[in-house]
Amino acid sequence: MTDLRIERVDTVLLDVPLRRPHRFARTSMAAQPVLLVFVRTAGGVTGVGEGVVPGGPWWGGESVETMRLVVERYLTPVLLGRRVDDLAGIQRDLGDVVAANLYAKAAVEVALHDAWARCLGVPVHTLLGGVARRSIPVTWALGTEPAPVVVEEALGKLDAGLHRSFKLKMGALEPAEDVARVCAIAEKLAGVAGVRVDLNARWDLLTSLTYLPKLADAGVELVEQPVPGPEVEALAEINRALPIPVMVDESLRTPGDALRLARLRAADVYALKTTKSGGLRRTMAIAEIAAAAGIPCHGGTSIESPIGTAASLQLACASPAVTWGSELFGPLLMSEQLLTTPLRYADGELHLPDGPGLGVELDPAAVKAFTRT
């Protein structure tokens, strides 16, 4: 084993163009900003992690710019001289220096796992308990565009054999208009693909109880986070009222959140994101709480590059609780490749790579090409 002491921590900001604009309820983006964090050991091993949010700080309160500042000014001094396998101690001490900033911490924590696993010559999933599966289904997320545009894109994915289920973003239109749009899409895809919706916490309880049953009647198979994150009691009421599963996202960031949601039976499915929860270990803790409560998990996305996607894939393939598929489509949405060997998407699933650490290698030329100046 090489020297595990952390000698340097470097950060790089990228702007990676997308194949088409991706629209959320509140915003849209044509490129995805990405923070890469490199942890370099005295033994010459480098681990990499990623900080990223979907479309900017509207979602989680952080941006790649704030993450970089927190990593460089506050987290790096805690890391230097420590061993990459001192994860519990490092996480405790990072928490003493920075109270929240889970996205920034996730980038560091994933880089530590990647470096430690590479030092051992094993994949990251070994550090998380081993392999529960070798691949995971991938749902393709569609934006808030008009129904004909969305249907055309979905049918193209189906014809190419790339995806068998789709998640539609909602919340940008008035509820009645939005519901009519989604019902039209669900009708066109009925019998050929699964349709899910994500409100991104845009509705209140009354609006949800009024309109979500119409989506269930139209064949929508799952509803994600209709109400704001703190309103878990309202989420529980919606979950009791609907005949289809409710998936929680914005309400679920910490293991404590997972426990509270389970007690309230506020959701049927937990959306796991290593980004929003501070890294692999805290996300695995959430998955274990869900498993104890009999709640299946889903591999969510923050529109990560291949680095963050590989980290989420390692976790999804290590956790027995992740039985509700994933949305790990980020690299497919990006118009440019960042790896020497791309992640393998085939037959509607993302397949676990071989090799140590995250199992992927960055292309230095691609990193340089998209580095922010």
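Start by selecting Leu35 and Gly51: Gly51 sits in S3 and is the bridge partner of Leu35. You are looking at a predicted model, so treat each stop as a computed picture. While you are here, pick Arg40 and Thr46 as well, since Thr46 in S3 is the bridge partner of Arg40.

Now widen the selection to the two strands. S2 pairs with strand S3 (residues 46-51) in the antiparallel sense, over 6 bridges. Follow the backbone from S2 into S3 and you pass through a hairpin with 4 residues between the strands. Click on Gly44 in that turn: its phi is positive, about 90°.

Next, add strand S1 (residues 6-23) and show it beside S2 (residues 28-41). These two run antiparallel and are joined by 13 bridges. For one spot to zoom in on, try Val16, which stands opposite Gln32 in S2. The link from S1 to S2 is a hairpin too, through 4 residues.

Zoom out a little to take in the sheet. What is the order of its strands? It is S1-S2-S3, an open sheet of 3 strands with antiparallel pairing. S1 and S3 are at the edges with a single partner strand each, so one side of either strand has no neighbour in the sheet. Ignoring direction, neighbouring strands here are turned by 25° against each other on average. As background, strands of a sheet pair through backbone hydrogen bonds, either parallel or antiparallel.

Keep the sheet on screen and colour residues 64-79. That is helix H2, lying across S1, S2 and S3 and running at about 165° to S1.

Time to move along the chain to strand S7 (residues 194-198). Is this strand buried or exposed? 5 of its 5 residues are buried, so S7 is largely enclosed by the rest of the structure. Show the side chains and check both faces: Gly194, Arg196 and Asp198 are buried on one side, and Val195 and Val197 are buried on the other.

Then bring in the strands paired with S7. Strand S6 (residues 165-169) runs parallel to S7, and 5 bridges join them. Select Phe166 to see it opposite Val195 in S7. To get from S6 to S7, the chain crosses through helix H7 (residues 175-189), and this β-α-β crossover is right-handed.

Strand S8 (residues 222-224) is also parallel to S7, joined to it by 3 bridges. Here the pair to highlight is Val197 and Val223, with Val223 standing opposite in S8. Add helix H8 (residues 205-217) to the view, and you have a right-handed β-α-β unit made of S7, H8 and S8.

Last up are the rings. How many aromatic pairs are there? The count comes to 2. Select Trp203 and Tyr211, which form a tilted aromatic pair, 6.0 Å centre to centre with 55° between the planes. Try a surface view as well: Trp203 is buried, with a relative accessible area of 5%, while Tyr211 is partly exposed at 21%. The cut-off behind those labels is 20% relative accessible area, with buried meaning under that value.

Finish at Trp140. Turn the view to look down on the face of its ring and you will find Lys157 lying over it, at 4.0 Å from the ring centre.

Conventions:
Residues are numbered from 1 along each chain as its sequence is written. This is a predicted model: local features need pLDDT of at least 70, side-chain atom pairs count only at pLDDT 80 or more; totals for chains, interfaces and linings use all residues. Side-chain values use heavy atoms; hydrogens and water are left out. Rings of Phe, Tyr and Trp (its six-membered ring) pair if their centres lie within 6.5 Å; planes under 30 degrees apart count as stacked, over 60 as edge-to-face and the rest as tilted. Buried means under 20% relative accessible area, exposed over 50%, partly exposed in between (1.4 Å probe, protein chains only). A charge sits over a ring if NZ of Lys or CZ of Arg is within 6 Å of the ring centre and within 35 degrees of the ring normal. Two strands pair if DSSP finds at least two bridges between them. Axes are lines fitted to C-alpha atoms, for helices over the stretch in contact, and angles run from 0 to 180 degrees between N-to-C directions. Contact means heavy atoms within 4.5 Å. A crossover is right-handed if, with the strands pointing away from the viewer, the path from the first strand over the helix to the second runs clockwise.
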